[in-house]
Amino acid sequence: MPAEPEQVSFFDGLVQGGPEQHQEEGSAVNMQAGHLQPVDAAELPEYPLSADDRLDSHYFMVWERRRWLNSDMRLKGTPECRALYFDLTNIAYDQSPVGTLPDDLEVLAKMLFVEVGHFRSLCKLDYGPLHKWTRCICEGGEVRLMHPMVLKSLSEAIARKEDNRAKNEAANASKRLQRLRATVAGYHADLAKNDAAVRWMDEWLIKEGCEYRNATWVERAMQAWSNHMFDLGRARGSVPNCPKDTFGRS
């Protein structure tokens, strides 16, 4: 049987020299040298975050202290590699898509202010600066590097951001309805007690682009609700008893 081609890990292919066998403990993937061999994009995982997923307001990142203190990277990596590894994690938060790094050692070395040749030699180590960073396909087909723990932290942060946004929107909507109800009560007390009417008028004001709900806008919303109910009643064959009478129309 023909001998199977020798497998080379991700980082062996990025350093100069022959395709030495390099088994990285806990490595997420084991692929041929991407900078020396063509990359089959179909075999790369798709990065789940896009350029639209941003955390610009976050000036900090969640760092799992206990996980880091007991990790192989900290226990087995050199002080220099650990420092560069931490820097790359921080740098990834400002990249696009967020949480990724360029698939280019020269660019990464410049970002770290490290001589390229020295950086290449560090990446050859089992616990080098790019430990567990693997290739992925990003939006638009770009090949970049991702890290599972960075992605996990970012996904949780984005989820919390969306939850907070939803809570704030719900709280704002509740206050907006309360203010509208109070204003409508000054015109028509019974109408203000009608939840469906108040919500309909709130949606109507939003669709009309009303930014400041003064008396004129609220009166227009009440009239629109009256017209709406009148049209519904006419379609059903009867005109309901609705606030249209308030504006002088029977």
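Select helix α6 (residues 148-185) together with helix α8 (residues 195-207) in this predicted model, and look at how the two axes, 10 Å apart, meet at an angle of about 110 degrees. That angle falls within the range of 65 to 115 degrees, and α6 and α8 are therefore roughly perpendicular to each other. To see what fills the crossing, show the side chains of Arg176, Leu177, Leu180, Arg181 and Val184 on α6, and on α8 those of Asp195, Val198, Arg199, Met201, Asp202, Leu205 and Ile206, which together make the contact. Sorted by class, the contact of α6 with α8 holds seven nonpolar and five charged residues, and no polar ones.

Next, select helix α9 (residues 215-236) and place a distance label between its end C-alpha atoms, which are 32 Å apart. With 22 residues at 1.5 Å a residue, α9 should span 32 Å, so the distance in the model agrees with the expectation. Colouring α9 by accessibility will pick out its buried residues, which are Trp217, Val218, Ala221, Met222, Ala224, Trp225, Ser226, Met229, Phe230 and Gly233. When reading that list, bear in mind that an α-helix has 3.6 residues a turn, so residues three or four places apart point the same way. The partners of these buried residues of α9 are α6, α7 (189-192) and α8, and α6 and α8 are the pair with which this tour began. Just after α9, centre on Gly237, whose phi is positive at about 95 degrees.

Now move to helix α3 (79-92), and add helix α4 (105-112) to the selection. The axes of α3 and α4 come within 10 Å and cross at roughly 100 degrees, which makes α3 roughly perpendicular to α4. In this contact, Leu84, Asp87, Leu88 and Ile91 are supplied by α3, and Leu108, Met111 and Leu112 by α4. By class, six residues in the contact of α3 with α4 are nonpolar and one is charged, with no polar residue among them.

Keep α3 on display and exchange α4 for helix α5 (116-123). The axes of α3 and α5 are 11 Å apart, and the packing angle is about 100 degrees, so these two helices are likewise roughly perpendicular to each other. Here the contact is made by Glu80, Cys81 and Leu84 of α3 with His118, Phe119 and Leu122 of α5; Leu84 was also listed in the contact of α3 with α4. The class count for α3 with α5 is four nonpolar, one polar and one charged residues.

The loops around these helices hold several backbone details that deserve a closer view. In the loop between α4 and α5, select Phe113, where phi is near 60 degrees, a positive value in a residue other than glycine. Is the Phe113 residue buried or exposed? With a relative accessible area of 80%, Phe113 counts as exposed. Continue to Lys132 in the loop between α5 and β2, a further residue other than glycine with a positive phi, in this case near 70 degrees; its relative accessible area of 30% makes Lys132 partly exposed. Then go back to the loop between α3 and β1 (100-102), where Pro97 is found, and inspect the peptide bond from Ser96 to Pro97, which is cis, with omega near -5 degrees.

From Pro97, turn to Tyr47, which lies in the segment before α1 (65-69) and which, at 4% relative accessibility, counts as buried. Which residues surround Tyr47, leaving aside its neighbours within four places in sequence? Tyr47 is in contact with Pro97, Val98, Gly99, Thr100, Cys136, Ile137, Cys138, Met146, Leu151 and Leu154. A C-alpha to C-alpha distance drawn from Tyr47 to Arg144 should read 9.0 Å, although the two residues are 97 apart in sequence.

For another buried position, select Arg135 in strand β2 (residues 134-137), where the relative accessible area is 1%. The side chain of Arg135 makes a polar contact with the side chain of Asp103, at 2.8 Å.

Finally, zoom out to the whole protein chain, whose secondary structure comes to nine helices and three strands, running α-α-α-β-α-α-β-β-α-α-α-α from the N terminus on. Of its 250 residues, 37% count as buried, and among contacts between residues at least 6 apart in sequence, 58% join residues at least 24 apart.

Definitions and conventions: Residues numbered from 1 in each chain as written. Heavy atoms only, no water. Axes fitted to C-alpha atoms, helices over the stretch in contact; angles between N-to-C directions. Parallel < 35°, antiparallel > 145°, perpendicular 65-115°, else oblique. Contact = heavy atoms within 4.5 Å. Nonpolar A, V, L, I, M, F, W, Y, C, P; charged D, E, K, R; others polar. Expected span 1.5 Å × (residues − 1). Buried < 20%, exposed > 50% of the residue type's maximum accessible area, 1.4 Å probe, protein only. Polar contact = N/O pair within 3.5 Å; in protein donor to acceptor, adjacent residues only side chain to side chain.
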